[in-house]
There are 2 protein chains.
Amino acid sequence: MTAHDPDIERRLEAFAETCRRRGLKLTHQRTEVFRELTAGAEHPDAETIYRRVSRRIPSISRDTVYRTLATLEEHGLVRRAEMLAGSARFDANMDRHHHFVCNRCGRVYDFYSEAFDEIALPRALSDLGRIELCHVQLRGICADCARAEH
Amino acid sequence: MTAHDPDIERRLEAFAETCRRRGLKLTHQRTEVFRELTAGAEHPDAETIYRRVSRRIPSISRDTVYRTLATLEEHGLVRRAEMLAGSARFDANMDRHHHFVCNRCGRVYDFYSEAFDEIALPRALSDLGRIELCHVQLRGICADCARAEH
DNA sequence: CTTCTAAATCGTAATGATTCTGATTTAGGA
DNA sequence: TCCTAAATCAGAATCATTACGATTTAGAAG
């Protein structure tokens with residue numbers, strides 16, 4: 001996770017490319033918000049991203065962070081993880097994956113599952129409307145918190 | 001859905017019984033909040049419940065509605081449906097079911113699916129922690145809104 | 001390299017949802 | 001009927017997010 005991680009450089013290049021293709025201006029702020037998300041595997045909330053990017057761009061405003069996250073989500077560059085309470089959590093890992101949220105500490109863990117990816121939607125659903133997104137969310141107590149309980 | 005719907009009476013009796021068993025005081029406010037949820041199939045948010053119950057108990061406070069919903073959820077009497085944005089939505093239907101949320105109007109539709117109920121969790125998950133809840137949420141455009149678009 | 005303009009940003013105020021506080025009331029047991 | 005912990009009330013406070021009006025800037029065009 002150094003300043004010159006080739007993986008991150010590559011993702012930033014892909015990010016720049018997508019922005020260009022979509023007609024999104026490639027601003028310093030946008031790049032730094034995206035870098036913050038693509039650098040780590042945590043799922044920080046908007047406030048955390050704001051705090052971290054502020055160290056590099058002291059003048060950035062919360063509004064920009066919120067708007068940028070919404071824009072990136074619209075263009076499929078980041079994902080928003082729903083929480084039962086509190087703030088939304090973001091993620092630049094766009095591979096098909098699912099989330100396990102700890103009810104105690106709130107951490108969001110990624111996991112992969114073909115069964116979940118391929119789950120068949122009940123036919124009756126087409127009466128309800130057009131499905132755009134299927135989202136499985138697991139909740140429970142993560143191993144760390146379970147250990148801490150004893 | 002009349003004032004004396006026998007089904008609702010039965011559910012209110014079960015509610016009273018659960019409260020007694022759990023040592024929860026059976027207050028007028030609690031009963032009316034629960035009645036509001038068990039009477040309809042919509043998924044009102046806290047503010048809506050507050051507004052409706054206020055007609056019968058003008059002195060009820062928002063705080064009571066919020067606290068009551070949290071208490072009922074804790075005791076397995078209502079479910080909270082997560083929303084991508086906006087306010088949480090509640091539901092007294094405790095049968096195993098899933099939600100389809102319309103991205104346009106925000107309505108929450110219930111549906112049933114054995115495939116979803118019985119979905120196998122990946123084995124690797126047990127390393128992450130203890131799963132307590134598996135929740136499939138679909139998003140899209142409901143039939144009503146799709147019609148309105150044309 | 002300069003000019004132009006729509007898009008993006010900034011700082012702050014406003015909003016909406018929810019929770020907290022401290023005083024008061026009440027359900028249900030003794 | 002009395003007592004007490006639990007629940008309620010009204011309103012202030014907090015937290016997350018969005019809106020607003022003024023200013024700046026990325027990137028296209030000349």
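## Two protein chains and two DNA strands in a predicted model

His98(A) is buried, since its relative accessible area is 3%, where buried means under 20% relative accessible area, exposed means over 50%, and partly exposed covers what lies in between, all with a 1.4 Å probe and with protein chains only. This is a predicted model, in which local features need pLDDT of at least 70 and side-chain atom pairs count only at pLDDT 80 or more, while totals for chains, interfaces and linings use all residues. Residues are numbered from 1 along each chain as its sequence is written, chains are lettered from A and ligands numbered from 1 in the order in which they are written, and side-chain values use heavy atoms, with hydrogens and water left out.

### The surroundings of His98(A) and His97(B)

His98(A) belongs to strand S3 of chain A, which covers residues 98–102; helices (H or I, at least four residues) and strands (E, at least two) are DSSP runs, numbered from the N terminus. If neighbours within four places in sequence are left aside, His98(A) is in contact with Tyr109(A), Asp110(A), Phe111(A), Ser113(A), Phe116(A), Asp117(A) and Val136(A), where contact means heavy atoms within 4.5 Å. With Asp117(A), the side chain of His98(A) also forms a polar contact of 2.8 Å. A polar contact is a pair of N or O atoms within 3.5 Å; within protein, one must be able to donate a hydrogen and the other to accept it, and residues adjacent in sequence count only if both atoms are side-chain atoms.

In chain B, His97(B) sits in the loop between strand S2 (89–91) and strand S3 (98–102), and with a relative accessible area of 2% His97(B) is buried. The side chain of His97(B) makes a polar contact of 3.0 Å with that of Asp91(B) and another of 3.4 Å with that of Asp110(B). Apart from neighbours within four places in sequence, the residues in contact with His97(B) are Arg79(B), Asp91(B), Asp110(B), Phe111(B) and Tyr112(B).

### Chain A as a whole

Chain A contains seven helices and five strands, and along the sequence they follow the pattern α-α-α-α-β-β-β-β-α-α-β-α. The C-alpha atoms of chain A fill a box of roughly 45 × 45 × 30 Å along the principal axes, and 46% of the 150 residues of this chain count as buried. Among the contacts in chain A with a separation of 6 or more, 45% are between residues 24 or more positions apart. Chain A carries 24 positive and 24 negative side chains, and the centres of the two sets lie 4 Å apart; Lys and Arg count as positive and Asp and Glu as negative, while His and the chain ends are not counted, and the place of a charge is taken as NZ of Lys, CZ of Arg, CG of Asp or CD of Glu.

Helix H3 of chain A (residues 46–56) holds several buried residues, including Ala46(A), Ile49(A), Tyr50(A) and Val53(A). The buried residues of H3(A) pack against H2, H4 and strand S2 (89–91) of chain A.

### Where the protein meets the DNA

Which residues come nearest to DNA strand C? Of the 18 residues around DNA strand C, these are Thr27(A), Ser59(A), Thr64(A), Asp63(B) and Tyr66(B), and a residue is near a molecule or strand if one of its heavy atoms lies within 4 Å of it. Of the atoms of DNA strand C within 4 Å of the protein, 67% belong to sugar or phosphate and the rest to bases. The largest share of the surface near DNA strand C, three residues, is supplied by H4(A).

DNA strand D is likewise surrounded by 18 residues, the closest being Leu26(A), Thr27(B), Gln29(B), Ser59(B) and Thr64(B). Sugar and phosphate make up 67% of the atoms of DNA strand D that come within 4 Å of the protein. For the surface near DNA strand D, H4(B) gives the most, with four residues.

The table sets out some of the atom pairs between protein and DNA.

| Protein atom | DNA atom | Distance |
|---|---|---|
| Lys25(A), polar side-chain atom | strand C, base nitrogen | 3.3 Å |
| Gln29(A), polar side-chain atom | strand C, sugar or linking oxygen | 2.8 Å |
| Lys25(B), polar side-chain atom | strand C, base nitrogen | 3.3 Å |
| Lys25(B), polar side-chain atom | strand D, sugar or linking oxygen | 3.3 Å |
| Ser59(B), backbone N or O atom | strand D, phosphate oxygen | 2.7 Å |
| Arg67(B), polar side-chain atom | strand D, phosphate oxygen | 3.3 Å |

Helix H4 of chain B also includes Thr68(B), which is buried at 3% relative accessibility.
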